[in-house]
Amino acid sequence: MMKVIQGGTSAINLDAALQEVSEGLYEKMDRLLPKPEGGEARVVEAMRYATLSPGKRLRPFLVVASADLFGVDRHASLHTAAAIEFVHAYSLVHDDLPAMDNDPLRRGQPSCWAKFDEATAILAGDALLTFAFECLADDRTHADSKVRCELVQALARASGANGMVGGQMIDLLSEEQDMTIDQIIRLQRLKTGKLFAISCEAGAILGKAPQRLRQALQGYAHDLGLAFQITDDLLDAEKGSDKESGRQDKSTHKPTLVSVMGLERAREQAEMLVSQAKSHLGVFDKRAALLKTLADFVLTREH
Ligand code: GRG
């Protein structure tokens, strides 16, 4: 279904904008990723399988839309977006492993370990993570080495022990545990929010944006990431097992904002966060219409 939302004087076609980024990203990733050759071909095939399968590409979209605010060249923003998507893909490959979520499906098809094998999936995830930093360090990311260094540091922080990996650790430990709302929010902000935040921040870093504008984008991403996680949990709770969406029934005993607050309050919370996310973008006026539309999409998405 096409989503056309009125933003200022022009209609915003989010589907077309997402599609454009998605196609540009696919081409970029396909060109950047190694080709399967030699004795190591199997791990490269697994890397390509995990990244070139059809994801929503929300993080790349955030990079490109944020970078567009500062007039960044599209090749540079897609290059950076590919690096962040490689980290995201690695996290999904490892999250699906039997030692973690033990999920045989991802994006409606066999997950990486189910298609290949566990050892290959571990190696493919490792290779995607390291490849992301190789891409960022490449001068096609930005001519200024300081900018590249800043991106490397920001992505490493967002992904590591005080970022996504830390959130995943807390998540794994949370099974069968009581957690307060604040503890769950912290877990979600680390596990999902940090990668959303670096995606928006990357656009600002590439555009050498002033601190005030970086902070506005951080605030937006912060609230959007949490809203996204709540809607993810709402979809799990509302849809359960659904072949069409590729979702599996995840009846685990991990606390989520939905399990603690209930469906209705959790939805209200997501709505409040989306409205707050959009209000951070006031400084950009109409130029941020696409990012605002994306925030609305997070509330209405069906997968
Ligand atoms: C293994 C270090 C490590 C981290 C895993 C991302 C993650 C951390 C776990 C994924 C578990 C999960 C389903 C989290 C809910 C939110 C989320 C990140 C969903 C997946 O992102 P989407 O919906 O995926 O953007 P697509 O497939 O569209 O790219």
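The following paragraphs lead through the helices, the ligand shell, the aromatic pairs and a few loop residues of this structure.

The model is a predicted one, in which local features need pLDDT of at least 70 and side-chain atom pairs count only at pLDDT 80 or more, whereas totals for chains, interfaces and linings use all residues. Residues are numbered from 1 along each chain as its sequence is written, and side-chain values use heavy atoms, with hydrogens and water left out.

A convenient place to begin is helix H4 (74-95), where helices (H or I, at least four residues) and strands (E, at least two) are DSSP runs numbered from the N terminus. The expected span of a helix is 1.5 Å times one less than its number of residues; for the 22 residues of H4 this gives 32 Å, and the end C-alpha atoms are 31 Å apart, which agrees. Of these 22 residues, 20 are buried, so H4 is largely enclosed by the rest of the structure; here buried means under 20% relative accessible area, exposed means over 50%, and partly exposed lies in between, with a 1.4 Å probe and protein chains only. At the start of H4, a side-chain oxygen of Asp73 comes to within 3.2 Å of the backbone nitrogen of His75.

Helix H2 (residues 41-52) can be read in the same manner. Its twelve residues should span 16 Å at 1.5 Å a residue, and the end C-alpha atoms are indeed 16 Å apart. Nine of the twelve residues of H2 are buried, so this helix too is largely enclosed by the rest of the structure; among them are Val44, Met47, Arg48 and Tyr49. The buried residues of H2 pack against helix H1 (14-32), H4, strand E4 (109-110), helix H5 (112-115) and helix H6 (118-137), where contact means heavy atoms within 4.5 Å.

The ligand brings H4 back into view. The shell consists of 17 residues, the closest being Lys56, Arg59, His88, Asp95 and Arg107, and a residue is counted as near if one of its heavy atoms lies within 4 Å. H4 gives the most to this shell, with six residues, while H4, helix H8 (164-173) and helix H10 (211-239) each supply at least two. Among the polar contacts (pairs of N or O atoms within 3.5 Å; within protein, one must be able to donate a hydrogen and the other to accept it, and residues adjacent in sequence count only if both atoms are side-chain atoms), a polar side-chain atom of Lys56 lies 2.6 Å from an oxygen atom of the ligand. For Arg59, an N or O atom in the side chain is 2.8 Å from a ligand oxygen, and for His88 a polar side-chain atom is likewise 2.8 Å from an oxygen atom of the ligand. Taken alone the ligand exposes 700 Å², of which the protein buries 92%; accessible areas come from the Shrake-Rupley method with a 1.4 Å probe, and for residues only the protein chains shown count as cover.

The aromatic rings offer another way through the fold. A search of the whole structure finds four aromatic pairs, a pair being rings of Phe, Tyr or Trp (its six-membered ring) whose centres lie within 6.5 Å, with planes under 30 degrees apart counted as stacked, over 60 as edge-to-face and the rest as tilted. One of the four is the edge-to-face pair of Phe70 and Phe284, at 6.0 Å centre to centre and 75 degrees between the planes. This pair links distant parts of the chain, 214 residues apart, with Phe70 in the loop between helix H3 (58-68) and H4 and Phe284 in the loop between helix H12 (263-279) and helix H13 (289-300). Both Phe70 and Phe284 are buried. Phe86 and Phe131 form a tilted pair, at 5.3 Å centre to centre and 45 degrees between the planes, which joins H4 to H6 across 45 residues. Phe86 counts as buried at 0% relative accessibility, and Phe131 is buried at 10%.

Several loop residues complete the tour. Asn102, in the loop between H4 and strand E3 (105-106), has a positive phi near 50 degrees although it is a residue other than glycine, and it is partly exposed at 45%. Asp285, in the loop between H12 and H13, also has a positive phi, of about 55 degrees, and counts as exposed at 53% relative accessibility. Lys254, in the loop between H10 and helix H11 (257-261), is buried at 17%.
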